[in-house]
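Please open the model in your viewer and keep the selection panel at hand. The tour begins at a single residue and then widens to a pair of helices and the whole chain.

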Amino acid sequence: MDKTTDYLSIVVPVYNEAAGITETIDVLENYIANRLEDYEILFVDDGSTDNSVRLIQQAMDRNENIKLIELSRNFGHQVAITAGLRYASGDAVVIMAADLQDPPAVIPDMIEKWHAGNQVVYGQRVSRDGENLFHRFFSALFYRVFRAITHIHVPLDAGDFRLLDQRVVRILRQMNEPDPFLRGMVSWVGFKQTSVRYERQARTAKNSNRRGHLLHLAMDGITAFSAVPLKIATWIGSLAMIFGLVYLGIEAFIGLTTLKVLVFSLYFLVSAVLVSLGIIGSYLFRVLNATKHRPLYIVASTHGFSNPERRSIV
Ligand code: UDP
């Protein structure tokens, strides 16, 4: 790819990435500086408790294109990305993870497809080295279920690694959702979207104690975009009721009664009610969150911006 004159922002959410952040910065700098006239790398520190911030600041001392937004605590990586998008001023914004699982080598392909007229270019993984079977199975299942039960066409096997045109970024800023699920929101926005396929690398610095957030993300994604789980609850409840009625009918007719069947029916009904309550609860919680009108995140400090105030306004 020839050097491009566009201004590119690269948004990188960071949560306890001290083990690998320096390598990520080196690779990014080598890759980007040779290919872009003008760029900014925006690190959003999502309440790291390790050395991540210090390491980023060291890199900032020698590269003025690196900027840092420190959030006041850990808000979760979707919110950290959202914060980064609000501060990004590029003609296009690339979102990538801090651990080199999203290879910077793919960025030139993304830029080419953007130049070809696409407003969104998402990275689509063809392999998932270093991820265990559970992770792979869960991801595959999630993308397929999401696609089946929402009317939103979220591409299969695509994470948050993507390039967004500034028009899309501006719309995302206006969306202001309390529990953002960016992959769904980007698909919802529309415009011309395409993919770049790439091999996903193993993590450079293994951090396996964050698996819980994937389940969280899946639940947020589904309750943000689909009412089908609520309907499933109704279906289970209706089935359980029909089952109970038929059973009662048979019992009344034949006089057949066994404690086991009774216990089973009760167990089934109670679980259906519990499942339904849980699902309704998730939706209610979203409504509750939306009514609080709290800011999505709190910025503790920004570094490297010439006019940070201007950027902090949506
Ligand atoms: N991250 C974050 N806040 C969090 C968890 C993760 O900012 O609470 C960052 C993390 O440092 C990384 C990116 O979000 O840069 C993706 O995180 P991770 O690799 O854990 O997600 P996965 O790739 O497993 O979906």
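Select leucine 42 to begin: this residue counts as buried because 28 C-beta neighbours lie inside 10 Å, where buried requires 20 or more other C-beta atoms within 10 Å of a residue's own, C-beta atoms being placed from the backbone. The model is a predicted one, in which local features need pLDDT of at least 70 and side-chain atom pairs count only at pLDDT 80 or more, while totals for chains, interfaces and linings use all residues. Residues are numbered from 1 along each chain as its sequence is written.

Widen the selection to strand β2 (residues 36-45), in which leucine 42 is found; strands here are DSSP runs of E with at least two residues, and helices are runs of H or I with at least four, numbered from the N terminus. Then display the residues that leucine 42 touches, leaving aside those up to four places away in sequence: Ser9, Ile10, Val11, Val12, Lys67, Ile69, Gly84, Tyr87 and Ala88, a contact being two C-beta atoms, placed from the backbone, within 7 Å.

Next, select helix α1 (residues 18-33) and helix α2 (residues 52-62), whose axes come within 9 Å and cross at roughly 20°, the axes being lines fitted to C-alpha atoms over the stretch in contact, with angles from 0 to 180 degrees between N-to-C directions. The two helices α1 and α2 are therefore roughly parallel, a description for angles under 35 degrees. Ala18, Ile21, Thr22 and Ile25 of α1 make the contact with Ser52, Leu55, Ile56 and Ala59 of α2.

Finally, show the whole chain, which has 11 helices and eight strands.

Technical notes. Angles under 35 degrees count as roughly parallel, over 145 as roughly antiparallel, 65 to 115 as roughly perpendicular and the rest as oblique. A residue is buried if 20 or more other C-beta atoms lie within 10 Å of its own, exposed if 12 or fewer, and partly exposed in between; C-beta atoms are placed from the backbone.
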